[in-house]
Each structure stands twice: as structure tokens, then as C-alpha cells.
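Please look through the model below alongside its sequence. The walk that follows begins at a single residue and then widens to the fold, its cores and its internal space.

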Amino acid sequence: MDRRTILTGLLAVGAAPIILAQTRLVLAATPLAAMPITSFADVKTAAQFYSTVIGRAEISLATSQVASEKATQKNALEFAGFELGEAITVNMVLKDTGAMGPGMDADAHGMVEKVVSAGKGKAFDKAYIGLQLENHEYLRDLADAFIHNSTGVTDPAEVQGRHLSMLMLAVFKEHVAICKRITKELDA
């Protein structure tokens, strides 16, 4: 495993209690269901960022559970195991902050079904890694937009949300690169 991944994980685990304590206050006063996100420009608060990430983490969780049993290519299988652990952790941490996503919509269910119904072997591996690439590109762009949109915040909970998004951005970028590499391997 890459040292950067381990260090990022340790930082996230170490920062989680502080982030949770400070964000619970803001999230308790801000109903997340009332904050629809129609574009990345709308993501200006930690609560909006968290509620959008949690939906995407649920997609990763559902598909990685299947992939951890169904993937056949060595690196796709390894990625599925790491992604499953990450998705479980992200869901747990974000739910501990009080974040609630809108739940998986028809598009999300369609993405999951496309992966789940892919035949075992190379077809499945390509469908799974393709979805993970798309998902992590979305999350990378979301985190980048939130960091940009929240420049200059001073509220402690918002600053902590911004810091958490910076950690997540590093992981999302790494996962995009890994998924691109695995895609090339699968196409070879």
C-alpha cells in the first residue's frame, strides 16, 4: 500500500473526533434535505459537501461489496477491497457528523445495476473500474469546487469541513489515477 494512502488515512482518523465535534453543531441547525445541489457552484457549506459525498460513497459501497467477490483482475480486486473499506469509513464518519444524503436516486441505482449485472471476468472488472473512475472524478471535482467556494470561511465547523475536503481531495485524485492505470491494464 502507498505511504501517502496510509498517512492520509491516519490524518483522517486523527482529525475525525475534532471534525465531528465541531460539525455536529452546524449540521444540527441545518437540515440537509433542504439543501439540493444542482451544480458544483452550489456547494458552499460543509453540510452540502458532506451530504453530496455520502450519496456517492453509498454507490462505492454497494459496487465494491460486489466487486470484492466478483472482480478477477488482480489490481481491480485489490482496489475493490481498499475502496470497500474506505466507503464504509466515509459513510460512518459522515453519518456521525449528522450528514444525510438524499438516498440513491434512479440514476445511482442504474449505475449500481450496470456493475452488478456485468458478467464475471473482464467485463465486470471494466464496468466496476469504469464506474469507480467516473465516481472519483465527480468527487474530485466536487471537493475542488467546495474548497474553492469556501475560501475565506471563518466558522470553526466550516473550516474543519474545508480541511476534511482537502484530505478527501488528495484521496480522490489518487483513486482517479489508480482507476486510470487499471483501465489501461484491462484494455491491454
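In this predicted model, glycine 101 has a relative accessible area of 29%, and because the range between buried and exposed runs from 20% to 50%, glycine 101 is classed as partly exposed. Glycine 101 sits in the loop that joins H3 and H4, and although 50 residues along the chain lie between its position and that of serine 51, the C-alpha atoms of glycine 101 and serine 51 are separated by 4.5 Å. When residues up to four places away in sequence are not counted, glycine 101 touches Ser51 and Ile54.

From this loop one can step back to the chain as a whole. The protein has 6 helices and 0 strands, so that, by the DSSP runs used to assign them, the order of elements from the N terminus reads α-α-α-α-α-α. Among the contacts with a separation of 6 or more, 79% are made by residues 24 or more positions apart. Of the 188 residues in the protein, 46% are buried, while the area that the protein exposes comes to about 9400 Å², with carbon and sulfur atoms supplying 61% of it.

The buried part of the protein can be followed through its nonpolar cores. The largest nonpolar core holds 21 residues, of which Ile59, Phe79, Val115, Phe124, Tyr128, Ile129 and Ile182 touch the most other members. At least two residues of this core come from each of helix H2 (46-70), helix H3 (74-96), helix H4 (106-116), helix H5 (122-149) and helix H6 (156-187), and H5 provides the largest share, with 6 residues. A second core, separate from this one, is made of 19 residues, including Val43, Tyr50, Ala99 and Ala143. To return to the largest core, isoleucine 182 is in contact with Gln73, Asn75, Ala76, Phe79 and Ile129, leaving aside residues up to four places away in sequence.

Two further residues show what surrounds particular buried side chains. Methionine 111 lies in helix H4, and because its relative accessible area of 18% falls under the 20% limit, methionine 111 counts as buried. The C-alpha atom of methionine 111 is separated by 7.3 Å from that of leucine 131, a residue 20 residues apart along the chain, and, apart from neighbours within four places in sequence, methionine 111 is in contact with Arg56, Ile59, Leu131 and Glu134. Glutamine 132 is found in helix H5, and it counts as buried because its relative accessibility is 0%. Around glutamine 132, with residues up to four places away in sequence not counted, the contacts are Ser60, Thr63, Ser64, Phe79, Glu83 and Cys179.

What empty space does a search of the whole structure find? The search finds 1 cavity of 30 Å³ or more, and the largest cavity contains about 70 Å³ of space. Its lining consists of Val53, Arg56, Ala57, Ser60, Glu83, Glu86, Ala87, Val90, His136, Leu139 and Phe172, with H2, H3 and H5 each supplying at least two of the lining residues. Sorted by class, the lining of the largest cavity has 6 nonpolar, 2 polar and 3 charged residues. Ser60 and Glu83, which belong to this lining, also appear among the residues that glutamine 132 touches, and Arg56, another lining residue, is one of the contacts of methionine 111.

Definitions and conventions:
Residues are numbered from 1 along each chain as its sequence is written. This is a predicted model: local features need pLDDT of at least 70, side-chain atom pairs count only at pLDDT 80 or more; totals for chains, interfaces and linings use all residues. Side-chain values use heavy atoms; hydrogens and water are left out. A nonpolar core is a set of buried Ala, Val, Leu, Ile, Met, Phe, Trp, Tyr and Cys residues joined through side-chain atoms within 4.5 Å. Buried means under 20% relative accessible area, exposed over 50%, partly exposed in between (1.4 Å probe, protein chains only). Helices (H or I, at least four residues) and strands (E, at least two) are DSSP runs, numbered from the N terminus. Contact means heavy atoms within 4.5 Å. Accessible areas come from the Shrake-Rupley method with a 1.4 Å probe; for residues, only the protein chains shown count as cover. On a 1 Å grid over the protein atoms alone, a cavity is a set of points where a 1.4 Å probe fits but cannot get out, and a pocket is an open set with protein on both sides within 12 Å along at least five of seven lines; lining residues have an atom within 4 Å of a point. Grid points are joined across faces, edges and corners, and a volume is the space filled by probe spheres set on the points. Ala, Val, Leu, Ile, Met, Phe, Trp, Tyr, Cys and Pro count as nonpolar, Asp, Glu, Lys and Arg as charged, and the others, Gly among them, as polar.
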